[in-house]
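The following questions and answers set values against the definitions behind them. Please consult the structure as you read.

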Amino acid sequence: MGMNIQSVGVVGAGQMGNGIAHVFALAGYDVRLNDRDAEQLDRALERIEKNMSRQVSKGLITEADKADALALIKKTPDIAEAAHVDLLIESATEREDVKMAIFAAAQPHLKPETILATNTSSISITRLAARTDRPERFMGFHFMNPVPVMQLVELIRGIATDEATFDALKKVVVQIGKTAAYAEDFPAFIVNRILLPMINEAIYTLYEGVGGVEAIDTSMKLGANHPMGPLELADFIGLDTCLAIMQVLHDGLADTKYRPCPLLVKYVEAGWLGRKAGRGFYDYRSGDPVPTR
Ligand code: NAD
């Protein structure tokens, strides 16, 4: 069954959710953005406005594109409204219980044909899908951060995902001007399976005193031509998310090479979650980032 996707619900208006709403609105979709935290919804709209203004000043979009897109985004604290759409994308906190609860709350309000997708970085698509009433219409739709800038979307089929759903989401990726890579449903898929162990190793390098924060980031920027150092990147992703992904790799693949660095655990325990918290491997509170070790 072919399906024409016009309306998109985004649940979770954090760093990723606001970017997802941004790109869908610019592509002309009707977007309903939901978060359980009303202030987070307001902040998300401010961020979208700001990021679109930056695109205008760079000549990537026009003022009219921006105005049209903003008019297509509706904030809704009501999951019932966010769920009555053609495509529902869950992008809330990286915890399986949180995601399960969101799909359960959305279920009574879905259209019969609604496709469910999750932006999870690491959690099993098959397991999330199995708890819904439509595992055949469920997929992993994994964006990269920052969503308006990064070209890739990983598309991940669960074991039960049908071809029509896969085809529909492939078309959506083209429609929003991105490029898809197809990954099988194994812990952390492709990008994070490779990226997170590198970040975790950088944290071990710091933990064992091989180098300080600046030495490690400078080494990988100038020595491996990475645009960002691994610790800077960890702060950008969010240290809670980094830890959650390492735990999923460790649990799911049962290999000690994926054990999360104890220093990463300590930063998360401290609430030093990276940029979004104002402090992580760098302190961002006074403007210029200052290494915290
Ligand atoms: P975030 O902490 O910035 O935002 C999470 C949002 O979810 C918060 O606004 C929170 O209020 C909201 N939320 C929590 N429970 C909710 C509920 N029951 N209903 C509605 N909203 C709820 O996190 P993020 O970085 O935006 O990550 C979101 C998802 O995207 C995670 O699954 C993460 O793994 C994935 N992801 C993150 C990155 C990254 O680089 N940060 C990249 C790709 C994918």
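**Ligand, domains and backbone**

Q: What makes the pair formed by a nitrogen atom of the ligand and a polar backbone atom of Arg36 a polar contact?
A: The two atoms are 3.3 Å apart. A polar contact is a pair of N or O atoms within 3.5 Å; within protein, one must be able to donate a hydrogen and the other to accept it, and residues adjacent in sequence count only if both atoms are side-chain atoms. The pair with Arg36 therefore qualifies. This is a predicted model, in which local features need pLDDT of at least 70 and side-chain atom pairs count only at pLDDT 80 or more, while totals for chains, interfaces and linings use all residues. Residues are numbered from 1 along each chain as its sequence is written, and side-chain values use heavy atoms, with hydrogens and water left out.

Q: How far from oxygen atoms of the ligand are N or O atoms in the side chains of Gln40 and Asn145?
A: For Gln40 the distance is 2.8 Å, and for Asn145 it is 3.3 Å. The ligand taken alone exposes 840 Å², of which the protein buries 89% (areas by the Shrake-Rupley method with a 1.4 Å probe; for residues, only the protein chains shown count as cover).

Q: Why is the ligand said to lie between two domains?
A: Domain 1 (7-183) and domain 2 (191-291) both give residues to the shell around the ligand, so it lies between them. The domain bounds come from an automatic or database domain assignment.

Q: How do you know that domain 1 and domain 2 are in contact?
A: Contact means heavy atoms within 4.5 Å; 11 residues of domain 1 are in contact with 9 residues of domain 2. The C-alpha centres of the two domains lie 26 Å apart.

Q: What is the buried area between domain 1 and domain 2?
A: Buried area is the accessible area (1.4 Å probe) that two parts lose on being put together, summed over both. Here the domains bury about 800 Å² between them, 60% of it on carbon and sulfur atoms.

Q: What kind of peptide bond joins Asn145 and Pro146?
A: The bond is cis, with omega about -5°. Most peptide bonds are trans.

Q: What sign does the phi of Ala188 have?
A: The phi of Ala188 is positive, about 70°, although Ala188 is not a glycine. Most residues other than glycine have a negative phi.
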